[in-house]
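Let us walk through this fold strand by strand, then turn to its helices and cores.

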Amino acid sequence: MMKIYQTQLGNLSTSVVVNGEPRRIHFFARNGVNGFFSTDDEPLQQALERSRGYGKRFKLLEVACQQPVEDTYTIVPNVRSWQGARDFLRKEPYNLSDEEVSTPELIEQAAERLHLIFTHLKKGKKR
């Protein structure tokens, strides 16, 4: 299980001993105040919760149960061109605008976001 720890001391670095070995832990704060650190390493979690700073410098914020998320993709076999893919994405139920599907790269991004696979399209070349 994943545990998320929080500090209100900004970007905090601290050390804990895990199985006899010192480990450096870094809490990262985007706003300069609330720093976060997360781990699913149980020995590290136990070391953090036994450390002197636990409850004073940082605390347990949340326990997140990791459940595998299955992504379901829809195969679109009849589209054979980028123009066809553009037309497909502009229709119901997707209703994407011309700007959202104006290039092959944007069409690929939209298809990924919508969990679609155009089986007959060649992927755009990346430079």
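Which residue in β3 does V18 stand opposite? V18 stands opposite E21. This is a predicted model, in which local features need pLDDT of at least 70, side-chain atom pairs count only at pLDDT 80 or more, and totals for chains, interfaces and linings use all residues. Residues are numbered from 1 along each chain as its sequence is written, and side-chain values use heavy atoms, with hydrogens and water left out.

Start with the hairpin that holds V18. Helices (H or I, at least four residues) and strands (E, at least two) are DSSP runs, numbered from the N terminus. Two strands pair if DSSP finds at least two bridges between them. Strand β2 (residues 13-18) and strand β3 (residues 21-26) are antiparallel and share six bridges. Two residues lie between the strands, and N19 takes a positive phi near 55°. The side chains of β2 alternate. T14, V16 and V18 point to one face and are buried, while S13, S15 and V17 point to the other and are not. Buried means under 20% relative accessible area, exposed over 50%, and partly exposed in between (1.4 Å probe, protein chains only).

Next comes an open sheet. Its four strands are ordered β4-β5-β1-β6, with antiparallel pairing. Strands of a sheet pair through backbone hydrogen bonds, either parallel or antiparallel. At the edges are β4 (28-29) and β6 (58-64), each pairing on one side only. Two bridges join β4 to β5 (residues 35-39). One partnership sets A29 against G35 of β5. Five residues separate the strands of this β4-β5 hairpin, and G32 takes a positive phi near 85°. In β5 the side chains alternate too: G35, F37 and T39 point to one face and are buried, whereas F36 and S38 point to the other and are not.

Strand β5 also joins β1, antiparallel, through five bridges. K3 is a useful landmark here. It is found in β1, and its bridge partner in β5 is T39. Is K3 buried or exposed? At 13% relative accessibility, K3 counts as buried. Contact means heavy atoms within 4.5 Å. Leaving out residues up to four places away in sequence, K3 touches F37, S38, T39, Q45, E49, L60, E62 and V63. The C-alpha atoms of K3 and S38 are separated by 5.6 Å, although the residues are 35 apart along the chain. The side chains of K3 and E49 form a polar contact of 3.0 Å. A polar contact is a pair of N or O atoms within 3.5 Å; within protein, one must be able to donate a hydrogen and the other to accept it, and residues adjacent in sequence count only if both atoms are side-chain atoms.

Now the helices and cores. Helix α1 (residues 42-50) lies across β1 (2-7), β5 and β6, at about 30° to β1. Axes are lines fitted to C-alpha atoms, for helices over the stretch in contact, and angles run from 0 to 180 degrees between N-to-C directions.

The largest nonpolar core has twelve residues, including V76, L96, I107 and F118. A nonpolar core is a set of buried Ala, Val, Leu, Ile, Met, Phe, Trp, Tyr and Cys residues joined through side-chain atoms within 4.5 Å. Helix α2 (82-90), α3 (104-113) and β8 (116-118) each supply at least two residues of this core. α3 gives the most, with three. Another core lies apart, with eleven residues, among them L12, V16, V18 and L48.
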